[in-house]
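User: Please take me through this model in formal terms, with attention to its charged contacts and to the confidence of the prediction.

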Amino acid sequence: MTSLLKTALVALSLAAAGLGASATTASASDLRFGIVIGGGGYHGGGSGWNGGHHGGPGWHGGPRYGRGVCAPGHALQKARGMGIRHARIVDVNHRVVRVDGRDRGGHVRAVFANDRGCPVVQVR
């Protein structure tokens, strides 16, 4: 029990010494805290509610269909990557992009959500 107590006291004193040493070298303007999810990339400078992203430096508006939308060309690429031959767009609406084609078993229909990345909803 005494060795455990000694170890805890030594760890506590080292932590306090390190905290004291770092607190003397840092000023209030140098202290920063942040949480990053998804990682880096350049997002531009700017000011305003969106940091100057929309139309500002570093803004990438994407293809003609914009961000957050499944472009029909991307849906075709995904369908072909899934092994669907002679893929063609048959319907596009605000919810889904439907692609028809053929595979070894015959007629195939792939349905993609009309969202960023064209997630697969159904294949039959």
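**Salt bridges and confidence**

Analyst: In this predicted model, Asp91 counts as partly exposed, at 28% relative accessibility.

User: With which residue does Asp91 form a salt bridge?

Analyst: The closest N and O atoms of this salt bridge are 2.6 Å apart. The partner counts as partly exposed, at 26% relative accessibility. The residue that pairs with Asp91 is Arg98.

User: Is Asp100, which forms a salt bridge with Arg109, buried or exposed?

Analyst: The closest N and O atoms of Arg109 and Asp100 are 2.8 Å apart. Arg109 is partly exposed, with a relative accessible area of 23%. Buried means under 20% relative accessible area. Asp100 has a relative accessible area of 5% and is therefore buried.

User: How many salt bridges does the structure hold?

Analyst: One of them joins Asp91 to Arg98, and another joins Arg109 to Asp100. The number of salt bridges in the structure is 2.

User: What pattern does the chain follow along the sequence?

Analyst: The chain contains 2 helices and 4 strands. Read along the sequence, their pattern is α-α-β-β-β-β.

User: What is the mean pLDDT of the chain, and where does pLDDT stay under 50?

Analyst: A pLDDT of 70 or more is reached by 48% of the residues, and the chain mean is 74. Where pLDDT is low, the predicted coordinates should not be read in detail. A stretch in which pLDDT stays under 50, with 11 contacts beyond four places in sequence, is residues 42-46.

Methods. Residues numbered from 1 in each chain as written. Predicted model: local features only at pLDDT ≥ 70, side-chain atom pairs only at ≥ 80, totals over all residues. Heavy atoms only, no water. pLDDT = per-residue confidence, 0-100. Contact = heavy atoms within 4.5 Å. Salt bridge = Lys/Arg side-chain N within 4 Å of Asp/Glu carboxyl O. Buried < 20%, exposed > 50% of the residue type's maximum accessible area, 1.4 Å probe, protein only.
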